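Open your viewer, load the model and keep the selection tool handy. We will walk from stop to stop, picking something at each one and looking around.

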Amino acid sequence: MSSDLILVLNCGSSSIKFALFDARSEALTRLPLWNGKVQGIGGPTPDYGETGVPVRRVELDAEHPYTAALQLIREQVAQRLQGRRIVAVAHRVVHGGKRYFAPTLVTADVIEDLRSYIPLAPLHQPFPLEAMGILLAQHPDLPQVACFDTAFHYDLPLVEQVLPLPYSVWKQGLRRYGFHGLSYEYMTYALPERYGDLAQGRVIVAHLGSGASLCAIQGLQSVATTMGFSALDGLMMGTRTGALDPGAVLYLMEIDKLSLQEVGHMLYHQSGLLGVSGLSSEPRVIVQHENDPGETGLRAQLSLALYVRRIVREIGALTAVLGGLDLLVFTAGVGEHNAFVRERVCHDLAFLGVELDKDTNASNATLISTPDSRVRVAVEPTNEEWVIAQHTLTLLE
């Protein structure tokens, strides 16, 4: 019984992350037994890395690189099983729509249903569905479980769900969904363990990665979030716009004659930090060019200033919704590892009584605010894979 494993797959547009958890331990440990990822899928230099093994270049079938990457992971996992067996494969799915708000066993009908949400999350939705389909065809008796990023926000207050469009649109099912829910759900486990009753209060979690959003959490429940109907809303991101005047989109289509596909590509792939800076979608890369001469330096400065301004503005809005702020938490790739972003955001939140400890912030410590800060400021690594494995174990039981 102790040899049963759960394989968690987190399939993105250019990467597949995987993690294996012991399904028969008394309490599912936060750290996986083994994990890794294939990244750069579809690009010229894909690579593969795993626990205890240096990253190495890999060759993927040019015609079907995603299928090849999934096959590579399956082969590597098979070599490590050593008599153990996989009892379930669990998937992170970005969009569950209005129908899927709990972990769900995967069937052909479920996969087909989830395809209808691809237009709402075109950067993410297709890829776990592709992996599900391959595994279902080849191993129909192996349970697969889908866990949804939208599920954590399913019980948002009605006023946070409704879009300010004709009411008939709401009745059709268009609403604000919210995303990064598996990350925020993990915080409802981790923060009470670390901060006790403070985590039950007025909390804002900043999930800052290539995609980015904020979530206002009170009583360990989502009460407001910055992403809405799609993963384009809210904060400025690596290549996505965040909140945008819809009139600008109408202008691009009417005056510049951009097609629907061209506008979509611009909003998802050519905007955000990359679009404004012209350099990169990564803050840590852009910051190295802030003192460059001419337009390069000016655009680098502007892109980061705009990025920080959007975060600060939305934290202010969510603080108003909460009626104050007790705990501010940074997580995900940028939030966990970019001290200068946290410093700039917290500098502009001084009006809330935020005081940052520069030394602990520079070392990415768990608590980065001073003892005198009226708002605690924390860095908490997220762990979406563990949440997915936990849900899968519960569903199987």
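What follows is a tour of this predicted model, one selection at a time.

**Stop 1: the two domains**

Start by colouring residues 4-148 as domain 1 and residues 196-379 as domain 2, following the domain assignment. The centres of these two domains, taken over C-alpha atoms, are 28 Å apart. Where they touch, domain 1 gives six residues and domain 2 gives six residues. How much area do domain 1 and domain 2 bury between them? The value is about 490 Å², with 69% of it on carbon and sulfur atoms. Look across this interface for charged pairs and you will find zero salt bridges. For residue pairs in polar contact, both at pLDDT 80 or more, the count is also zero.

**Stop 2: an annotated pair**

Now select Asn10 and Glu384, which an unreviewed UniProt entry lists under "binding site". They are spread over 375 residues of sequence, yet they cluster in space, with a largest C-alpha distance of 8.9 Å.

Zoom in on asparagine 10 in strand S1, which covers residues 4-11. Is asparagine 10 buried or exposed? Its relative accessible area is 7%, below the 20% cut-off, so asparagine 10 is buried. Show its surroundings and you will meet contacts including Ser15, Ile16 and Lys17. Draw a line from the side chain of asparagine 10 to the side chain of arginine 92: this polar contact spans 3.4 Å.

Move over to glutamate 384, in helix H15 (residues 384-396). Glutamate 384 is buried too, at 11% relative accessibility. Asn10, Arg92 and His207 are among the residues it touches.

**Stop 3: a buried alanine**

Next, pick alanine 206 in strand S9, residues 202-208. With 0% relative accessibility, alanine 206 is buried. Beyond its sequence neighbours within four places, alanine 206 is in contact with Ser213, Leu214, Val329, Phe330 and Thr331. Then add glycine 335 to your selection: it is 129 residues away along the chain, but the two C-alpha atoms are separated by 7.1 Å.

**Stop 4: around helix H1**

Select helix H1, residues 65-81, and find glutamine 76 in it. Glutamine 76 is buried at 13% relative accessible area, and its contacts include Trp34, Tyr48 and Glu50.

Keep Glu50 on screen and add arginine 80. These two form a salt bridge, and their closest N and O atoms are 2.7 Å apart. Arginine 80 belongs to helix H1 and glutamate 50 to strand S4 (residues 47-50), so the pair ties together parts 30 residues apart in sequence. Arginine 80 is partly exposed at 31%, whereas glutamate 50 is buried at 12%.

**Stop 5: more charged pairs**

Side chains of opposite charge can pair when their charged atoms come close. How many salt bridges are there in the model? The count is 16.

Try arginine 99 and aspartate 113, whose side chains meet in a salt bridge of 2.7 Å, N to O. Arginine 99 sits in the loop between strands S6 and S7, and aspartate 113 in helix H2, so this bridge ties together parts 14 residues apart in sequence. Arginine 99 is exposed, at 55% relative accessible area.

Compare that with glutamate 160 and arginine 176, joined by a salt bridge of 3.6 Å, N to O. Both of these residues are buried.

For your last selection, take Asp4, Arg24 and Arg85, which are linked in a network of salt bridges.

How values were computed. Residues numbered from 1 in each chain as written. Predicted model: local features only at pLDDT ≥ 70, side-chain atom pairs only at ≥ 80, totals over all residues. Heavy atoms only, no water. Helix = DSSP H or I, 4+ residues; strand = E, 2+ residues; numbered from the N terminus. Buried < 20%, exposed > 50% of the residue type's maximum accessible area, 1.4 Å probe, protein only. Contact = heavy atoms within 4.5 Å. UniProt positions renumbered as here; feature names shortened; annotations may be inferred. Polar contact = N/O pair within 3.5 Å; in protein donor to acceptor, adjacent residues only side chain to side chain. Domains from an automatic or database assignment. Buried area = accessible area lost by both parts, 1.4 Å probe. Salt bridge = Lys/Arg side-chain N within 4 Å of Asp/Glu carboxyl O.
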